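In this notebook I record what I looked up about aromatic rings and backbone angles. The structure is shown first, and my entries come after it.

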Amino acid sequence: MVHEDYKELLIARALDALDDTDARVIDEHLGTCAECSAELTEWRDTAGLLAHGAPVVEPGAEVGKRIMDQVSSGRSARSDTGAAVVQMTPRERMPTKIWPNLLRMAAAIAFMALMIGTFILWKRDLELRMEVARLSREIRSQQSELARERDTIALLTTLDAQRTELVGTDQAKKARATFAFDRETGRAILLTEGLPVTPVDKAYELWFIANGHPLPGRVFTVDTSGRATISDQVPPEAREHAVFAVTLEPKAGVNSPTGPIYMSSSVARQL
Amino acid sequence: MQPEQAQTPDGDLLRAVARHDEAALAAIYDRYKLILFSLIIRILHDRQEAEDVLQEVFLQVWRRAADFDEARGRGFTWLVTLARSRAIDRLRALASRGRVAAQAAGWVSDNTGDAASDASKSEQGAIVRRALIELPEEQQRALYLAYFEGLTQSEIAARLGDPLGTVKTRMRSGMIKLREVLRDKLNTTS
């Protein structure tokens, strides 16, 4: 656009009658052209006179009073920075605005406190539940251990109980065990100590050897001190003159011994 | 309101208002309440809304008088621009709620009689009104639609069913003629 094109837009700009695109174009030009800016000022003065084209109507007498009242109340509320502040809302209505704000703040604080309290209670409840579960497991474990010990004591104190000591072989020289069983019922118990810790893919297996034939018993593992308490059932054919032994076998156990003997009663090395 | 400080120029009064001189604001109000309220009610056609806008305008003058720069236009122009801008904003807000659409129609050229009968209230106003009456009706109509209803040239063309170029020419011719007439007459009276 040439300069004259911009000047063509000035009158309409003074009347705010340009479409947005033309208004942006002329406004950009006005930022760099003092001549057009001065001419626009003149056209705005002319456009302002069009206000006289309106029929003359007088405002109500109370309008001026309202304005001055608001100005006066605004001056009394002027900020420390000196900026004029006009109270657009009567000051006597302020408390009605303050209270809802305070109530909203109080409600927000109460809600937050409730949420925090709920979270703390929930967390405490969760901890208690976990503690109860842990204690329950411990009680069940202790009850189970107690039952086994009762069985052991009962078996060991039975008059008809047969007791046999097992001793470690070269595989486990410090190992030893007590094997007791009831001749009548076959109910038996093995108490070991000193056995090597069970390899991950292996397990110890108890054998009842009657007339030279090994019969498989329970498969078991030991704790870190080599201890284990195993209940089992001695087959009828092994309740008289039998030999007892423990071998290391695959984890699932086998029907015939394949691994080395770790403990045995007197003649089990014949396996 | 207090008695008008009749001899004080508008610029001086506005600078006093910028210093938070309530008496200066009262003087500005007394001097221009009639023309500004007439302009606002001409735009809004609703007395209650117009009084509300007039109040807003003077409170804005109180807050923003420091923005007035005499190098960029006369005090009267600054005040009228504020009032027109506020009134048109209100008009658009009301129009969006459908309150003034019916009233706006038919108010294009029915005001010259009233203007003439009120001419005695302001010498300058009387001169301007006579100058407006002298404009061809189509020029006057285009200017009024832009000034009192806030329409763009394209909207005026659509409203009147005239080509856009014709509307532009009428507005330009009307403004040039008005400026020439007023420049002569106002200079001779001032």
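The entries below concern ring pairs, a charge over a ring, and two backbone angles.

Entry 1, the model. I note at the outset that this is a predicted model.

Entry 2, ring pairs. I looked up the aromatic pairs and found 13 over all chains. I then examined Y144(B) and F148(B), whose ring centres are 5.1 Å apart. Their planes stand at 80°, which is over 60°, so I recorded the pair as edge-to-face. The two residues are 4 apart in helix 8 (residues 137-149) of chain B, so about one helical turn separates them. F148(B) also pairs with Y147(B): the centres are 5.3 Å apart and the planes are again at 80°, so this pair too is edge-to-face.

Entry 3, burial of these rings. I found both Y144(B) and F148(B) buried. F148(B) has 0% relative accessibility, and Y147(B), at 2%, counts as buried as well.

Entry 4, chain A. I noted that ring pairs join F179(A), F181(A), F208(A) and F244(A) into a cluster. Elsewhere, I found the charged end of R179(B) over the ring of W43(A), 3.9 Å from the ring centre.

Entry 5, backbone angles. Most residues other than glycine have a negative phi. I therefore looked up H241(A), which is not a glycine yet has a positive phi of about 55°. H241(A) lies in the loop between strand 6 (228-233) and strand 7 (243-250) of chain A, and is exposed at 78% relative accessible area. H45(B) also has a positive phi, near 60°. I located H45(B) in the loop between helix 2 (22-44) and helix 3 (47-64) of chain B; at 14% relative accessibility, H45(B) counts as buried.

Notes
Residues numbered from 1 in each chain as written. Chains lettered and ligands numbered in written order. Predicted model: local features only at pLDDT ≥ 70, side-chain atom pairs only at ≥ 80, totals over all residues. Heavy atoms only, no water. Phe/Tyr/Trp six-rings, centres within 6.5 Å; stacked < 30°, edge-to-face > 60°. Buried < 20%, exposed > 50% of the residue type's maximum accessible area, 1.4 Å probe, protein only. Lys NZ or Arg CZ within 6 Å of the ring centre and 35° of its normal.
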